[in-house]
Amino acid sequence: MRLARVSVAAAAVAVAWLADLAYACPSCASPLEENRQAFVDTTVFLTVVPLMMMGGFIWWLRRRIRAMEDAPEIAVHENLLRDAGPFSKGR
Amino acid sequence: MPDDALGRAFGVPARREPVLPNGVLGMLIFVATEVMFFSGLISAFVIGKSNAVGGWPPPGQPRLPVEETAFNTAALLASGVALYFANRAFKNGSPNTKRLLLLAIALGGFFVVFQGAEWVALIGEGLTLTSGQLGGFFYLLVGTHAVHVAAGFIILLYTYSKLSHDDLDRFTFWPAQVFWYFVVGVWPILYWQVYL
């Protein structure tokens, strides 16, 4: 069992050691500085946009729920509040 | 039965409005996917532009009509503003709702027609989908947006038809607005990236 684990770990290290750089992405190895910068900018952009959308939605939802919780749920006749005594919440 | 100060029947629980109506939630999820879709397209364009040999726009390609499209952009933004005021009038039960909604629809329609005319002129000058990187990106980005404007235009016509029959509620109007604001909001970014 232990030998199997060590073998797997050794194989993983060997693969990592032997693997060359992947040139699948043309921008990663581009000699153009502008191109490399565009790649970084768009990566940041595509990472930040969904986070901002989700954060914004949660923030807006929380605000809306709070505003709705403050709104009265049951209509109570004002005469009832007036006659409810000095300790009434209506006073 | 006596009414309270807010005009509601005494003792009857006021019906609670949903935090977010289903239609609006569905539209927001759809718009979120659309935002990511356009973000992907814009990112591809930015990288393609930075990788272009000989600078951008590529030499020998027709110039995009920057000033004319700026005017068209203003029309689309004005359409968004008109829709905002139409919503305010709708909330207040004002008769101006119809007029303002019609103005928003007319400006959206103007945008589509103007862009169609612009495309005809550009195709005449030799800018096609296969003429090069500029043409490919231009028709992909601007064309995708145009499809969305056309869809939004149809949605607004539908809301106008419902309003005309006194059948429009805010649970129908709200999602339509969310979509139109998205269409209006994404255009200045496309204009900045593609035309300028």
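In chain B, 76% of the contacts between residues at least 6 apart in sequence join residues at least 24 apart. This is a predicted model. The two chains, A and B, are taken in turn below, starting with B.

**Chain B: overall build**

Chain B has 5 helices and 0 strands. Along the sequence the pattern reads α-α-α-α-α. The radius of gyration is 21 Å, well over the 16 Å that the globule rule gives for 196 residues, so chain B is more spread out than a compact globule. The C-alpha trace spans about 80 × 30 × 20 Å along its principal axes. Burial covers 22% of the 196 residues of chain B.

**The cores of chain B**

The largest nonpolar core holds 23 residues. Which of them touch the most other members? They are B:A82, B:A86, B:A104, B:L156, B:W180 and B:V183. The elements giving two or more residues to this core are α2 (66-91), α3 (96-124), α4 (133-164) and α5 (170-195) of chain B. The largest share comes from α5(B), with 8 residues. In soluble globular proteins, nonpolar side chains tend to be buried together.

B:L156 shows how the contacts run. Leaving aside residues up to four places away in sequence, B:L156 touches B:A104, B:I105, B:G108, B:A176 and B:W180. Another core, of 6 residues, lies apart from the largest one. Its members include B:L122, B:F138, B:V142 and B:V194.

**Two residues of helix α3(B)**

B:L100 sits in helix α3 of chain B. Is B:L100 buried or exposed? B:L100 is buried, because 20 other C-beta atoms lie within 10 Å and the cut-off is 20 or more. Not counting residues up to four places away in sequence, B:L100 touches B:A82, B:F85, B:A86 and B:A89. Two of these partners, B:A82 and B:A86, are also among the residues that touch the most other members of the largest core.

B:F114 is also in helix α3 of chain B. Its setting is partly exposed, because B:F114 has 16 C-beta neighbours inside 10 Å.

Both residues can be placed by a C-alpha to C-alpha distance to a residue elsewhere in the chain:

| Pair | Apart in sequence | C-alpha to C-alpha distance |
|---|---|---|
| B:L100 and B:F90 | 10 residues | 9.7 Å |
| B:F114 and B:T69 | 45 residues | 8.6 Å |

**Two loops of chain B**

B:P57 lies in the loop between α1 and α2 of chain B. The peptide bond from B:W56 to B:P57 is cis, with omega near 0°.

B:D166 belongs to the loop between α4 and α5 of chain B. B:D166 is not a glycine, yet its phi is positive, at about 55°. B:D166 counts as exposed, because just 6 C-beta neighbours lie inside 10 Å and the limit for exposed is 12 or fewer.

**Chain A**

Chain A has 3 helices and 0 strands. The pattern along the sequence is α-α-α. Of its 91 residues, 4% count as buried.

Confidence varies along chain A. The average pLDDT is 77, and 66% of the residues score at least 70. Where is confidence in chain A lowest, and where is it highest? The lowest mean, 56, is in helix α3 (residues 78-82) of chain A. The highest, 90, is in helix α2 (residues 33-70) of chain A. Where pLDDT is low, the predicted coordinates should not be read in detail.

**Where the chains pack**

Two helices carry this part of the picture: α2(A) and α1(B). The 38 residues of α2(A) should span 56 Å at 1.5 Å a residue; the end C-alpha atoms are 55 Å apart, which agrees. For α1(B), the 29 residues should span 42 Å, and the end C-alpha atoms are 42 Å apart, which agrees.

In α2(A), the buried residues are A:N35, A:A38, A:F39 and A:T42. What do they pack against? The partner is α1 (22-50) of chain B.

Seen from the other side, the buried residues of α1(B) are B:I42, B:F45, B:K49 and B:S50. They pack against α2 of chain A, together with α4 and α5 of chain B. Both α4 and α5 of chain B also give residues to the largest nonpolar core.

How values were computed. Residues are numbered from 1 along each chain as its sequence is written. Chains are lettered from A and ligands numbered from 1 in the order in which they are written. Helices (H or I, at least four residues) and strands (E, at least two) are DSSP runs, numbered from the N terminus. The radius of gyration is taken over C-alpha atoms; the globule rule is 2.2 Å times the number of residues to the power 0.38. Two residues are in contact if their C-beta atoms, placed from the backbone, lie within 7 Å. pLDDT is the predictor's confidence in each residue, from 0 to 100. A nonpolar core is a set of buried Ala, Val, Leu, Ile, Met, Phe, Trp, Tyr and Cys residues joined through C-beta atoms within 7 Å. The expected span of a helix is 1.5 Å times one less than its number of residues.
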